[in-house]
Each structure stands twice: as structure tokens, then as C-alpha cells.
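Okay, thanks for coming, everyone. I'll put the structure up and then talk you through how its parts fit together.

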Amino acid sequence: MNVEFRDTLFNQAKSWVLEAGANIRNKINDPYDIATKSNANDLVTTMDKETESFFITNIKASYPEHYILSEEGFGDHLTTLNGTVWIIDPIDGTMNFVHQKKNFAISVGIYHDGVGEIGIIYDVMADVLFYAKRNEGAYKNDVKLAPLNPNLKFEEVIFGLNHFWLCENRLVDEQRMQDFVRTIRGSRTYGSAALELAYVAEGVMDGYLSMSLAPWDVAAGIVIADEVGGITSDIDGNPVSMLDKSSVLTCNSTIQKRIINDYLQKGKK
Ligand code: 2AM
Ligand code: CA
């Protein structure tokens, strides 16, 4: 993607993200409807839908040749990642939005021919913006993030894990996951995959692992983590698909190898 065009696209995307975030903040105490999707814990609100519609209307008006993949399904139904694709989660951490009125994010990844070019994650209530453009570094509120520490001791890492999604699909033996959790220093669950990937990029967590996430949960986070040397793969070490659900592991490459070899592959069902 042409770098000048990418800058224009980034500025536009950022201003829509900030505008959508301000709208959510203004309406945070207004009544809204809640529905469930794939299961009783998978929530969607009228605010998720309103925010997604805002993006789709704007993108279609300004960039009619671009494609959109988005959580609530108002975007396109894609079978390839050819061209420019916006991968959007209007509210990542919907359960936090409903129960806490904080700790949720707007996540926008922009991919060109399958390559992540732009990642934007906005912690709406905290007004904290994480972003990256490929090969130009990652930022938190315009402050450049440092590269991940490559020399971390495995026993000292803190990992983001969603316990529910860790068990999902029973991809890995529970005993192995227990060994993993006991061996590392600590685990955290924030309830928004996008924010958790941003925290890994920021260095306040050393990795993130989930057994089942959708492209819009991770599209932006992968671009941001990549810029500080974070590797993202599925539990087999393969790239994460942007067209399907996938397991997701993000951390530095040394930790990635050890987790895959010692815990995920050996414990594989
Ligand atoms: P959401 O809030 O946008 O639904 C919680 O650990 C993380 O998992 C959140 O990023 C949440 O995104 C995501 N999540 C919740 N339900 C999911 C589902 N059915 N499939 C994939 N990801 C899901
Ligand atoms: Ca999501």
C-alpha cells in the first residue's frame, strides 16, 4: 500500500474511531437493548450495532472500493482478503460495556492484500488510543512503545488468558494448561482481546492466549503487537486467519516457542 495513501487512511480511520468513541461516552448511561448471539455469554447491544453502522456508512461513502469485515455482520461476506479490507469490532468487550461501563475498545484493523497495514485500538472510557502503521512503530497516545523484552524469564511472565475461551473446543488438555498457569508468574483476564493485545504491545502483559477468537477481535492488535516485536500465531504456530475463527497466541518469539512446544502441542487433543 502506498505510504501517503496509508497516512490519509490512518488519519481518517483515527478520526472516525475518536468520533465513535465520543458518541459511546456521551450515551454510556442511556438505555439500550441487549441480545445474545452464539451463547448466553456472547452479548450484543444496540450500541455495538449503532457504532458498526457508523463505520460502515462512512467507509462506504469515502472508500466504496474497500471491503469491510465486522463483528455484527453489517459488513461484507468475504472469502478472500484481496484489496483493502477494514476489519472492525465496534465494541470489543461487550460484556464489560454492559456490566462495567468501561474496559471495552473500538478495534479497527486495515489490511491490504492480506497484510496488516494499520491497527487502531481505542479504550473508549479511558480515552487511550493505541495505534500502529506497519514498519512505523506502535504508539500509545502518540508515545512510541518500546520493543518487547526478548530476554524475559518464562517463570516471570504475566499472560492474558480468558479461562472460558481457554477451554473452548477443548483443543488442549486442561492438565497442560494448569501446568502452564502454575509455571508462569501470573495470569490476567480483562475481557477484551483487543485491549489485551494492546497491553502486550505496551509491555504490561507479556503475552495473550485464547483458544477461539474472531478476526475482528485481533486484526488491529496483531498489527500493533507486531511493531514491537510480538509474534502472533495460532496454537500450532501458524499465522492467524483473518477469514475464520482461530486460536491466538501473541508474545515474544522465545516464549512463543516454549509455550507451543511444552504446553500446547504436547497437550493437544
Ligand atoms: P466481544 O466482546 O466483542 O464479543 C473476551 O475474552 C473476548 O472474547 C472479547 O474480545 C470478546 O469479544 C471475545 N468473544 C466473545 N464471544 C466470542 C465468540 N463467540 N467468539 C469469538 N470471540 C468472542
Ligand atoms: Ca470482539
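**Where the two domains meet**

So, straight to the interface: 39 residues of domain 1 touch 24 residues of domain 2. Before I go on, keep in mind that this is a predicted model. The domain assignment puts domain 1 at 3-144 and domain 2 at 154-264, and their C-alpha centres are 21 Å apart.

How much area is buried between domain 1 and domain 2? About 2,300 Å², with carbon and sulfur atoms giving 67% of that.

Now the polar side of things. Side chains of opposite charge can pair when their charged atoms come close. Between domain 1 and domain 2 the count is one salt bridge. For those of you clicking along, look at Lys-140 and Glu-202: they form a salt bridge, and the closest N and O atoms are 2.8 Å apart. On top of that, we get nine residue pairs in polar contact across the interface of the two domains, with both partners at pLDDT 80 or more.

Which strands build the side of domain 1 that touches domain 2? Strand 3 (67-70), strand 4 (84-92), strand 5 (105-112), strand 6 (115-123), strand 7 (128-133) and strand 8 (138-140) each put in at least two residues. Strand 6 has the largest share, at seven residues. If you sort that whole side of domain 1 by residue type, you get 16 nonpolar, 14 polar and nine charged.

**Around the ligand**

Okay, on to ligand 1. There are 18 residues around it, and the ones that come nearest are Asp-92, Gly-93, Thr-94, Asn-162 and Lys-245.

For the docking people, here are some distances. Asn-162 has a polar side-chain atom 2.4 Å from an oxygen atom of ligand 1. Ala-193 uses its backbone instead: a polar atom there is 2.9 Å from a ligand oxygen. Then there's Asp-217, where a side-chain N or O atom sits 3.1 Å from a nitrogen atom of ligand 1.

**One more salt bridge**

Last bit. How many salt bridges does the structure hold? The total is 12, and one I'd like to show you is Lys-133 with Asp-7, at 3.0 Å from N to O. Lys-133 is in strand 7 and Asp-7 is in helix 1 (residues 3-26), so this pair ties together parts that are 126 residues apart in sequence.

That's me done, so over to you for questions.

Methods. Residues numbered from 1 in each chain as written. Chains lettered and ligands numbered in written order. Predicted model: local features only at pLDDT ≥ 70, side-chain atom pairs only at ≥ 80, totals over all residues. Heavy atoms only, no water. Domains from an automatic or database assignment. Contact = heavy atoms within 4.5 Å. Buried area = accessible area lost by both parts, 1.4 Å probe. Salt bridge = Lys/Arg side-chain N within 4 Å of Asp/Glu carboxyl O. Polar contact = N/O pair within 3.5 Å; in protein donor to acceptor, adjacent residues only side chain to side chain. Helix = DSSP H or I, 4+ residues; strand = E, 2+ residues; numbered from the N terminus. Nonpolar A, V, L, I, M, F, W, Y, C, P; charged D, E, K, R; others polar. Near = heavy atom within 4 Å.
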